[in-house]
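I opened this entry to go through the ligand surroundings, then the core, then the annotated sites. My notes follow in the order in which I looked.

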Amino acid sequence: MNAARDTSSSNGCRLYLITPPRIELAAFRDQLATALDAGDVACLQLRLKDASPDEIKRAVEALMPVAQARDVAFILNDDAALAMALGCDGAHLGQTDGDHEGARKLLKDRILGITCHASRHLAMEAGELGADYVAFGAFFPTGTKETLHTAGTDLLEWWSEMMEVPSVAIGGITAENCAPLVRAGADFLAVVGAVWNHPDGAAAGVRAMNAAIAAASLPG
Ligand SMILES: Cc1ncc(COP(=O)(O)OP(=O)(O)O)c(N)n1
Ligand SMILES: Cc1nc(C(=O)O)sc1CCOP(=O)(O)O
Ligand SMILES: [Mg+2]
């Protein structure tokens with residue numbers, strides 16, 4: 001996931017950006033370009049809830065070039081087969097998003113991320129089947145989605161001490177609350193609202209998240 005970028009000021013922790021659940025494609029394309037030009041983003045996940053496969057296809061065709069031109073990996077939510085068919089860099093699957101082992105085989109060397117909620121067991125399973133990252137959450141209350149699980153920093157600490165597979169922290173993360181997650185060893189911070197709902201615009205959201213990650217990575 002855009003591993004060539006210099007992360008020396010951020011402990012290696014990087015921003016993982018997720019789209020809002022609903023977008024107006026033409027306007028969002030420009031907003032996305034501005035946001036990605038504002039600072040380091042490792043990957044972009046297209047997460048359009050309630051969209052048809054045809055609407056997702058049109059969104060991928062419009063948005064994937066914007067991400068890839070900036071060396072940002074383009075991940076499709078929920079559907080590994082569609083991610084393959086559309087040439088995405090990978091897919092993110094939840095616990096009810098189909099057969100994870102089948103998805104691993106289908107995606108070959110493309111990225112597979114798996115939601116593990118707050119479960120060590122699910123994370124070990126995901127790691128064993130070859131996931132490229134495991135996602136833990138929700139760390140904080142979020143208005144973006146109804147969440148049933150609450151994760152704590154102990155999980156990130158345990159995972160980063162035990163495992164090589166990168167971890168993604170998600171759920172209500174903002175520039176103001178992210179420091180403990182960075183210090184606990186999260187490899188990526190996944191956000192929707194912190195960027196797209198930032199009062200000064202999405203570019204300011206990306207800048208604020210990167211500044212907070214860098215500050216939390218300072219020794220001491
Ligand atoms: C990086 C990342 N982590 C977790 C999720 C949540 O996936 P899932 O549980 O399948 O829920 P939906 O996003 O599909 O509503 C995610 N999308 N990305
Ligand atoms: C998509 C998603 N998954 C979650 C989980 O806990 O698995 S929380 C979440 C919403 C993330 O949006 P925001 O950054 O606005 O809170
Ligand atoms: Mg899902």
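**Ligand 1.** I listed the residues around ligand 1 and got 16, with Gly-94, Thr-115, Ala-135, Ile-170 and Ala-190 coming nearest. Strand S5 (111-115), strand S6 (133-137) and strand S7 (167-170) are the elements that each give two or more residues to this shell. Sorted by class, the shell around ligand 1 holds 5 nonpolar, 7 polar and 4 charged residues. I keep in mind that the model is predicted.

**Ligand 2.** I repeated the search for ligand 2 and found 15 residues, the closest being Gly-137, Thr-142, Thr-144, Val-192 and Gly-193. This shell divides into 6 nonpolar, 8 polar and 1 charged.

**Annotated positions.** I then checked the UniProt record. Its unreviewed entry carries a "binding site" annotation on Asp-78 and Asp-97. These span 20 residues in sequence, but their C-alpha atoms are no more than 5.6 Å apart, so they gather at one spot. I placed Asp-78 in the loop between strand S3 (73-77) and helix H3 (80-85). Asp-97 sits in the loop between strand S4 (90-93) and helix H4 (100-107). Leaving out residues up to four places away in sequence, Asp-78 touches Leu-93 and Asp-97.

Are the two buried or partly exposed? Asp-78 has 20 other C-beta atoms within 10 Å and is therefore buried. Asp-97 has 16 C-beta neighbours inside 10 Å, so I count Asp-97 as partly exposed.

**Annotated domain.** The same search in UniProt gave the feature "domain: Thiamine phosphate synthase/TenI" (unreviewed entry) at residues 15-195. Over that range I read 38% helix and 19% strand, with the end C-alpha atoms 10 Å apart.

**Core.** I looked up the largest nonpolar core, which has 74 residues; Ala-91, Ala-169, Leu-181, Leu-189, Ala-190, Val-191 and Met-209 have the most contacts inside it. Helix H9 (residues 202-216) supplies the largest share, 7 residues. I followed up Leu-181: beyond four places in sequence, this residue touches Phe-139, Thr-153, Leu-156, Ala-169, Ile-173, Ala-186 and Leu-189.

**Whole chain.** I counted 9 helices and 8 strands in the protein chain. The C-alpha trace spans about 50 × 40 × 35 Å along its principal axes. The radius of gyration is 16 Å, which agrees with the value near 17 Å for a compact globule of 220 residues. Of those 220 residues, 45% count as buried. Among contacts with a separation of 6 or more, 61% join residues 24 or more positions apart.

Note on methods
Residues are numbered from 1 along each chain as its sequence is written. Chains are lettered from A and ligands numbered from 1 in the order in which they are written. This is a predicted model: local features need pLDDT of at least 70, side-chain atom pairs count only at pLDDT 80 or more; totals for chains, interfaces and linings use all residues. A residue is near a molecule or strand if its C-beta atom, placed from the backbone, lies within 6 Å of it. Helices (H or I, at least four residues) and strands (E, at least two) are DSSP runs, numbered from the N terminus. Ala, Val, Leu, Ile, Met, Phe, Trp, Tyr, Cys and Pro count as nonpolar, Asp, Glu, Lys and Arg as charged, and the others, Gly among them, as polar. UniProt positions are given in the numbering used here, feature names are shortened, and annotations may be inferred rather than shown by experiment. A nonpolar core is a set of buried Ala, Val, Leu, Ile, Met, Phe, Trp, Tyr and Cys residues joined through C-beta atoms within 7 Å. A residue is buried if 20 or more other C-beta atoms lie within 10 Å of its own, exposed if 12 or fewer, and partly exposed in between; C-beta atoms are placed from the backbone. Two residues are in contact if their C-beta atoms, placed from the backbone, lie within 7 Å. The radius of gyration is taken over C-alpha atoms; the globule rule is 2.2 Å times the number of residues to the power 0.38.
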